[in-house]
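Subject: Structure for you to look through

Hello,

As promised, I am handing over the structure that we talked about, with some notes to read beside it. Please open it first and keep it in view while you go through what follows.

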Amino acid sequence: MAGTGTLTPPLFAALATYASWMVLFLFGHLRDFYRKKIWSGASGAKLGREGYAPIRQDYEDFYTRRMYYRIHDTFNRPICTAPTAWVDVMKRTPVDGQKPLQLTGETQRCLNLGSYNYLGFAAQDEYCTPRVEEVLDTLDWASCSARVDAGTTPRHAELESLVADFLGKEDAITCGMGFATNSAFIPLLSGKGTLLISDALNHASIVAGVRGAGAKVKVFDHNEPAHLEAVLRAAIAEGQPRTGRPWKKIIIIVEGIYSMEGEMARLKEIVAIKKKYKAYLYLDEAHSVGALGAGGRGVCEQLGVDTADVDIMMGTFTKSFGSCGGYIAGDRGLIQYLRQHAPAHLYATAMSPPAVEMVISALHVIQGRDGSGRGKQKIAQLRDNSNYFRRRLIEQGYDVLGDWDSPVMPVMVFHPAKLPAVSRFALSRGLAIVVVGFPATPLLTARIRVCISAAHTRADLDYALEVFAEMIDRCRLKYCAEANQQLLARLQKESNLLTT
């Protein structure tokens, strides 16, 4: 089935958004003028330490001071329980100018629609928890060393073997931090004479890795194989800048599920282009491994792509596996090269043994090695929950981005003033959601990002949908009612054709 939703706001919403930002911008600068010309001249009032250059200029944090601090109670809400279906959100004092919010000592029980706990492993588990506790008793909290010194335990070797086997690759290497898996390993795969072709909406960790690579970078339109091929063909024809020499290698970088769009990569077409032009393919499966495919093996299994056609498979253990860290899987020669040269492997502290055991145990459950069918049940439950929630939101008239089966559901808000209204209303009704706006997203594409879990029951989802039904009228978020009805009618027609 095709994806849903659109990033294009209605005309009135777009105009209102621009008007709101203009008002905030103008009044922010007026307040800055008052602050510099009048308030700073008052007796004893100083804007900085005398004789010192400012650490940062006013214009560099204009957004933070004049826009973010007005609504910062809607972000960074701390919790004090495991991030399962329900969480205890710690209450904070109301916004008071630019002062940091203070904890009150009280909590509020909320339905959790903000955590990446896709398979529900981030809490007590009948199989995983006892095994993690056993490793904690024997190998303790941390390795306190890099992998090449004294940081490697038998559990680390077992995890890398399991990951490689799970993904159908020859070998794998793990890293203690998911972000660093991209930012530290991508520079090792490229250099002078390398061309990196990156999706326009790739994650910040990929962007950081690409910037540190010292290679030439080109960007193609988000999830558009036709534009990717055009960029690739032009780059091959032109060759390297100034010299025109052929590229030493070309690497295409995409994600399995894009975390802000909920869309799967159009992997079959991208693989076909990669083969046609003899490029390499780097696939980031942070949000798709464990969450997609009948066996949880990610977007390749979901879309019927052979993992042998993906040269470098990257993923994290922070979403579906309830742990921390990440991995790179590929040919044995590639992984051996990374072990010998990667700073994240040579110098950074190894994953803690309990965290390693958590991933091993989760993989056992997913693959049925625990002697039960809970792994398949979790994967099926996640898929059913995701599709049920997406369909119901579409029926209510929301503009919901992403593909069917994806547990990431961005719900478009567009107007920046609606972000705090949505977030505060949801919290008042016991619903913990994540709202995202500029500069994390483009100016016109503020959104709610819903993350569904296998830990959610149907009653949990129905309660959340009741809150969303109130919110769509209260905050005027019904942008796609007519288009959604046409979409649902088409899907019903396709379903009837399949059953007949």
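A good place to begin is L196, which stands opposite I251 in strand β6. Please keep in mind throughout that this is a predicted model. The strand that carries L196's partner has a neighbour on either hand: β4, residues 194–199, pairs with β6 in the parallel sense over five bridges, and five bridges also join β6 to β7, residues 280–284, again running parallel. On the β7 side, V254 has L283 as its bridge partner. Strands of a sheet pair through backbone hydrogen bonds, and they may do so in either a parallel or an antiparallel sense. Is β6 largely enclosed by the rest of the structure or left open? Six of the seven residues of β6, which covers 249–255, are buried, so the strand is largely enclosed by the rest of the structure.

Two open sheets come next.

One of them has three strands in the order β1-β2-β11, and its pairing is mixed. Its edge strands are β1, residues 86–92, and β11, residues 431–432, each of which pairs on one side only. Strand β2, residues 103–112, pairs with β11 in the parallel sense over two bridges, and you can find the place by looking for L111, which stands opposite L431 in β11. Across β1, β2 and β11 lies helix α15, residues 418–428, whose direction is at about 90 degrees to β2.

The other open sheet also has three strands, in the order β10-β13-β12, and here the pairing is antiparallel. Because β10 and β12 (434–436) stand at the edges with a single partner strand each, one side of each is left without a neighbour in the sheet. From one strand to the next the twist averages 25 degrees. Three bridges hold β12 and β13 (residues 446–451) in their antiparallel pairing, and V436 stands opposite R447 in β13. Helix α14 packs on this sheet, where it touches β10 and β13, and its direction makes about 20 degrees with that of β10.

For helices packed against each other, please look at α5 (residues 154–167) and α13 (residues 353–367), whose axes come within 9 Å and cross at roughly 35 degrees. The crossing of α5 past α13 is left-handed. Among the residues of α5 that take part are L159, L162 and F166, and those they meet in α13 include V356, I360 and L363; charged residues such as R155 and E158 in α5 and E357 in α13 also belong to the meeting groups.

Then there are the aromatic rings.

A search of the whole structure finds 13 aromatic pairs. A pair of this kind is described by the distance of the centres and the angle of the planes. In the pair of Y398 and F468, the ring centres are 5.5 Å apart and the planes stand at 80 degrees, so the pair is edge-to-face. Y398 lies in the loop between α14 (374–396) and β10 (408–414), whereas F468 lies in helix α16 (residues 458–474), so the pair ties together parts that are 70 residues apart in sequence. Y398 and F468 are both buried. Elsewhere, W21, Y63 and F438 form one aromatic cluster.

Charged groups also lie over rings: K378 is over the face of F121, at 4.8 Å from the ring centre, and the charged end of R458 sits over the ring of Y388, 3.8 Å from its centre.

Lastly, a few backbone details deserve a careful look. Most residues other than glycine have a negative phi, and most peptide bonds are trans. F438, a member of the aromatic cluster, is joined to P439 by a cis peptide bond with omega of about 5 degrees, and P439 lies in the loop between β12 and β13. N76, in the loop between α2 (62–66) and β1, has a positive phi near 55 degrees, and at 61% relative accessibility N76 counts as exposed. R476, in the loop between α16 and α17 (481–499), likewise has a positive phi, near 55 degrees, and R476 is exposed, with a relative accessible area of 67%.

Best wishes

Key. Residues are numbered from 1 along each chain as its sequence is written. This is a predicted model: local features need pLDDT of at least 70, side-chain atom pairs count only at pLDDT 80 or more; totals for chains, interfaces and linings use all residues. Side-chain values use heavy atoms; hydrogens and water are left out. Two strands pair if DSSP finds at least two bridges between them. Helices (H or I, at least four residues) and strands (E, at least two) are DSSP runs, numbered from the N terminus. Contact means heavy atoms within 4.5 Å. Axes are lines fitted to C-alpha atoms, for helices over the stretch in contact, and angles run from 0 to 180 degrees between N-to-C directions. Rings of Phe, Tyr and Trp (its six-membered ring) pair if their centres lie within 6.5 Å; planes under 30 degrees apart count as stacked, over 60 as edge-to-face and the rest as tilted. Buried means under 20% relative accessible area, exposed over 50%, partly exposed in between (1.4 Å probe, protein chains only). A charge sits over a ring if NZ of Lys or CZ of Arg is within 6 Å of the ring centre and within 35 degrees of the ring normal. A crossing is left-handed if the near helix is turned anticlockwise from the far one by less than a right angle, and right-handed if clockwise.
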